[in-house]
Amino acid sequence: MPPSGQVLLSGGTLIDGTGGVPRPGTDVLLEVDRIVAVGDDATMAAGPEVVRLDVGGLTVMPGLIDAHCHVTFGEPASNDELFFHRPQSTSMLLAAFNVSKLLRSGVTGFLDPDCIFDLGPALRDGIEAGLVEGPRMRAGLNALLTASGGTAGRLIPDHGQLGYAHVVGGRDEMVRVTRQQIKFGADWIKIHVTGSLPHTGGEVAGWSLVELRAITETAHALSTPCVAHCRTAESTRLAADAGVDLIFHASYLDEPAVEALISSGAAVAPTFTFLANLADHGAKVGAKADQVDIFRGEISATADMLRVAYDAGVPILCGSESGFSLTPYGHWHAREMEILVEAMGLTPLQAITCATRNGAIALRQPIDSIGVIAPGARADVLVVDGDPSVDISVLGDRRRLRHVFSRGRSVDLARPWPERSPLAGEKVGMWSTELLTWDRVNP
Ligand SMILES: [Zn+2]
């Protein structure tokens, strides 16, 4: 790398992330953390020490921004494993090991909305300081829940902290914990608005509008946005009315919820990927069959109204919910774009904009300052063998990534993919998968 750090990507087809048509034969000039120039200007602005890369026949595009990725979860197969089987120290080692996989699969920025223990901000700072190799990260601390819990039933305590959860009760505690999280470095406040009560099917909202407002008003007063998990139409409407800035899932959207999204200006990261992975491939890895129809139905019941919201200008972001056994790190970050094309009818270029330019919202950066290829934008750039404007699925195939530039620096893609062995005590074995009844052995 020369002192100027300049790299000229020469002769590629440019997809700039704004939704504009691909431009063949368009040069891009990068330097450390800045795109200097695009097109003929790039060739003219290149200094004598520029490193010229011939990328003719390849696609040049912005790095992906994953708006929903749990980098500290460590790919658990169950809530039990996520909540109880990892000490803090091991969890941090795992997170540092896993986060480099994001970068090497084309993710140059991501939002980790909630973490186990208090790992998120520390990992983010470690990446920024160069201790750990990883993409740009924005981090939340624990997700805020009420005593009705979240998606882990009775594993969630009635109050206090466990795993990714911080259970808060009463306005004073909600305000205090929100301020405390911001003090300790949270970029976002995550609210788990819906959860599944152990005795009911589906998820229900565990928060009132007044309670949600206590969080959003406190966070906004300290210049911090809020992100909410909402898997019903009612909760999406509630969260949007309360001023939540980014909504995950927004499942089963209806007209009032879409109206609330439009008038509040909230963005949505539907995060269909986890549902689609379980529905399409779960059987291959032993997932429970009874969830397949539910999850497939949730996508189809959400996509049409989400399209209405998209057409009305609601920003849609791409999130993968990577961090579980069904969404391991480095494998599924591009799949959300495929689902937006298939289920919502977006064009591949529109879907790419959701995963790049719109990702600036998750990173708390001004639109068009990151996630686009334009002079002055941050230098997070992919070079891909294939044409994602025709076949969006090429972005999910890591073998097609020719170059990843993060902050203007080339990421070494030639190294072997990170592999590891199980840690001592990492997985707790089951005694059996079925009951050993007397009849079973005495037919
Ligand atoms: Zn999540």
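Which residues do ring pairs link into a cluster? In this predicted model, select Phe73, Phe83, Phe84, Tyr164, Phe274, Phe295 and Phe324, and show their side chains, for these are the residues that ring pairs join into a cluster. The structure as a whole holds 6 aromatic pairs, and two of them can be visited in turn from Phe83.

Begin with Phe83 and Phe84, which form a tilted aromatic pair whose centres lie 6.3 Å apart, with 45° between the planes. With a surface displayed, compare how the two partners are covered: Phe83 has a relative accessibility of 7% and therefore counts as buried, the cut-off being under 20%, whereas Phe84, at a relative accessible area of 44%, is partly exposed.

Keep Phe83 selected and add Tyr164, since these residues also form a tilted aromatic pair, here with 5.1 Å from centre to centre and an angle of 55° between the planes. This pair links distant parts of the chain, 81 residues apart: Phe83 belongs to helix α2 (residues 79-84), while Tyr164 lies in the loop between β11 (160-162) and β12 (165-167). Tyr164 is buried as well, its relative accessible area being 5%.

For the last stop, leave the cluster and select Arg398 together with Trp417, where the contact to look for involves a charge and a ring: the charged end of Arg398 sits over the ring of Trp417, at 3.5 Å from the centre of that ring.

Methods
Residues are numbered from 1 along each chain as its sequence is written. This is a predicted model: local features need pLDDT of at least 70, side-chain atom pairs count only at pLDDT 80 or more; totals for chains, interfaces and linings use all residues. Side-chain values use heavy atoms; hydrogens and water are left out. Rings of Phe, Tyr and Trp (its six-membered ring) pair if their centres lie within 6.5 Å; planes under 30 degrees apart count as stacked, over 60 as edge-to-face and the rest as tilted. Buried means under 20% relative accessible area, exposed over 50%, partly exposed in between (1.4 Å probe, protein chains only). Helices (H or I, at least four residues) and strands (E, at least two) are DSSP runs, numbered from the N terminus. A charge sits over a ring if NZ of Lys or CZ of Arg is within 6 Å of the ring centre and within 35 degrees of the ring normal.
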